[in-house]
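Good morning, everyone, and thank you for making room for this short talk. Please have the sequence and the model in front of you, and follow along as I go from one part to the next.

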Amino acid sequence: MVTDHDEDVSAYVVEPEGGTLLVVIPEYDRADVSFTYLVNELADRVKNSGGSVVAIIGAGGRQAAEWTDLSMADYPVYSADPTQLKELVRGAVSLVWLRDGV
């Protein structure tokens with residue numbers, strides 16, 4: 001389940017058509033802000049080509065707001081259970097590319 005301020009937004013995170021870039025941060029405390037420039041540049045390219053970008057953080061809403069502020073993200077940042085995110089990716093900050101929801 002992906003949440004935005006305790007509201008389930010799972011159905012809205014992945015676009016059913018087109019490309020979606022997921023920025024996945026399973027352990028917020030291990031995330032290095034130095035990655036943000038690269039992620040933001042990549043996010044701009046994805047959005048310019050018609051795709052969408054979403055960040056999912058394994059932490060509460062306060063950390064999601066903090067990440068948005070620190071990274072200067074102009075894409076939505078949501079929260080999820082860190083254990084489930086670790087099942088999806090390995091690493092402090094990982095990128096997952098989805099095409100048509102897969």
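Let me begin with a single residue, N40, which counts as buried because its relative accessibility is 15%, where buried means under 20% relative accessible area, exposed means over 50%, and partly exposed is in between, all with a 1.4 Å probe and protein chains only. Before going further, I should say that this is a predicted model, in which local features need pLDDT of at least 70 and side-chain atom pairs count only at pLDDT 80 or more, while totals for chains, interfaces and linings use all residues. Residues are numbered from 1 along each chain as its sequence is written, and side-chain values use heavy atoms, with hydrogens and water left out.

N40 sits in helix α2, which covers residues 36-48; helices here are DSSP runs of H or I with at least four residues, strands are runs of E with at least two, and both are numbered from the N terminus. Which residues does N40 touch, if we do not count those up to four places away in sequence? They are S71, M72, A73 and Y75, where a contact means heavy atoms within 4.5 Å.

Now to the sheet. It is an open sheet of 6 strands, in the order β2-β1-β5-β4-β3-β6, and its pairing is mixed; two strands pair if DSSP finds at least two bridges between them. The edges are taken by β2 (7-8) and β6 (94-99), and because each has a single partner strand, one side of each is left without a neighbour in the sheet. Helix α2 packs on this sheet, touching β3 (19-25), β4 (52-57) and β6, and its direction makes about 140° with that of β4, with axes taken as lines fitted to C-alpha atoms, for helices over the stretch in contact, and angles running from 0 to 180 degrees between N-to-C directions.

At the β2 edge, strand β1 (residues 2-4) pairs with β2 in the antiparallel sense over 2 bridges, and the bridge partner of D4 in β2 is E7. The loop between β1 and β2 holds D6, a residue other than glycine whose phi is nonetheless positive, near 70°. Is D6 buried or exposed? D6 counts as exposed because its relative accessible area is 78%.

Moving along the sheet, β1 is joined to β5 by 2 bridges, and these two strands run antiparallel, with V2 standing opposite A80 in β5. On the other hand, β4 and β5 pair in the parallel sense over 3 bridges, and there I57 stands opposite S79 in β5. Both faces of β5 are covered, since V77 and S79 on one side and Y78 and A80 on the other are all buried. In a regular strand, as a reminder, the side chains alternate between the two faces of the sheet.

Next comes helix α3, residues 61-71, which lies across β3, β4 and β5 (77-80) and runs at about 150° to β5. The buried residues of α3 are Q63, A64, W67 and S71. Seen down the axis of α3, these buried residues fall within an arc of 105°, so they line one face of the helix; the arc is that of the directions from the helix axis to the C-beta atoms. That buried set packs against β3, α2, β4 and β5, whereas R62 and D69, on the other side of α3, are exposed.

W67 deserves one more look. The structure holds 1 aromatic pair, formed by Y28 and W67, which are edge-to-face at 6.5 Å centre to centre with 80° between the planes. Here rings of Phe, Tyr and Trp (its six-membered ring) pair if their centres lie within 6.5 Å, and planes under 30 degrees apart count as stacked, over 60 as edge-to-face and the rest as tilted. Both Y28 and W67 are buried.

Finally, let me return to where we started. M72 and A73, two of the residues that N40 touches, lie in the loop between α3 and β5. M72 counts as exposed because its relative accessibility is 68%, whereas A73 is buried, with a relative accessible area of 13%.
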